[in-house]
Amino acid sequence: WSPDGATIAYPEQDEAPFWQADDIRQGFGAAGLLVGATLLAGAVVWMRRRYGSMPLGAYAVVIGAPIAMATVLDDQYRLLPAIALGALAAELVVRRWPAGRSRVGDGIVAFLIPAIVFALYFATLMMSGGIGWTIHLWLGAIVTVGIIGLFLDELTRAARPRSSEAATG
C-alpha cells in the first residue's frame, strides 16, 4: 500500500502470448518444416515416377521457384542463395542417379534432395543471425525430411502394380 493508502504496488509478470513460447514456436516450426519437406519430396518422387528423366533445369524450377516465391513473400531474401544452391544440388543428384535404374538410387535421390535443401536452409539461418533451435532439433529435422522422402518413394513404389502380376492374377 502507498503511504496515503490510495494505491497498491504489486509485481506483475508480463506473459507473452502462447505462440511466442519457445516450445510452441519450435513445434510450429518443425511442423511447417515437415509439411514443406513432404511437398518437396512428393514433387520430386512424382516427377521421377511419372516422367523418368526430365530436361536439364526441370527439377530446379519445380523445387526452386515455389520456395523462392515463398521467401520473397515473407521478405526472407537472405534465403535465395541457399534456394539456388539447393536447386542446383537437386539437378546434380537426379543426374547422378537417373530415375528407375535402381531402387537404391531412387531412394538416395528421395532422401538427399529434401535433406540438402533443408540443410542449406539451416546453414543460411545459422550464418545470418542464428537458428534458435538446438542442434538436436535442426539436425534431426534434416534427417527427418530425408526419411520423409524415403517413405514417399517407398509408398509410391508399393502403390504401382507390377505388370507381370496384373497379367497373371
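Is R103 buried, partly exposed or exposed? R103 is partly exposed, because its relative accessible area of 48% sits between the 20% and 50% cut-offs. Bear in mind that this is a predicted model.

**The overall picture**

The protein chain is built from six helices and has zero strands, so reading along the sequence just gives α-α-α-α-α-α. Of its 169 residues, 30% count as buried.

**Salt bridges around α4 and α5**

Let's stay with R103 for a moment. Its partner is E154, and the closest N and O atoms of this salt bridge are 2.5 Å apart. The pair ties together distant parts of the chain, with R103 in helix α4 and E154 in helix α5 (residues 135–159), 51 residues apart. E154 is partly exposed too, at 34% relative accessibility.

E154 also has a salt bridge with R157, at 3.8 Å from N to O. This one stays within helix α5: the two residues are three apart, about one turn of the helix. R157 has a relative accessible area of 23%, so it counts as partly exposed.

Salt bridges that share partners join R48, R49, R103, D106, D153, E154 and R157 into one network. Another link in it is the salt bridge between D106 and R48, 2.8 Å from N to O. Here D106 in helix α4 reaches R48 in helix α1 (residues 22–51), 58 residues apart. What about the surroundings of this pair? D106 is buried, with a relative accessible area of 4%, and R48 is buried as well, at 7%. Both values fall under the 20% cut-off, which is why they get that label.

Here are those three salt bridges side by side; the full count for the model is eight.

| Salt bridge | N to O distance |
|---|---|
| R103 and E154 | 2.5 Å |
| D106 and R48 | 2.8 Å |
| E154 and R157 | 3.8 Å |

**How α3 meets α4**

Helix α4 (residues 103–127) also packs with α3, at an angle of about 160° and with the axes 9 Å apart. That angle is over 145 degrees, so α3 is roughly antiparallel to α4. The crossing of the two is right-handed.

**A nonpolar patch**

Helix α3 covers residues 80–96, and L80 lies in it. L80 has 31% relative accessibility, so it counts as partly exposed. Together with V72 and Y77, L80 makes a nonpolar surface patch of about 240 Å².

Notes
Residues numbered from 1 in each chain as written. Predicted model: local features only at pLDDT ≥ 70, side-chain atom pairs only at ≥ 80, totals over all residues. Heavy atoms only, no water. Patch = residues over 30% accessible without salt bridge, like charges linked within 9 Å, V, L, I, M, F, W, Y side chains within 5 Å. Areas by Shrake-Rupley, 256 points an atom, 1.4 Å probe, with all protein chains shown as cover. Salt bridge = Lys/Arg side-chain N within 4 Å of Asp/Glu carboxyl O. Helix = DSSP H or I, 4+ residues; strand = E, 2+ residues; numbered from the N terminus. Buried < 20%, exposed > 50% of the residue type's maximum accessible area, 1.4 Å probe, protein only. Axes fitted to C-alpha atoms, helices over the stretch in contact; angles between N-to-C directions. Parallel < 35°, antiparallel > 145°, perpendicular 65-115°, else oblique. Left-handed = near helix turned anticlockwise from the far one by under 90°.
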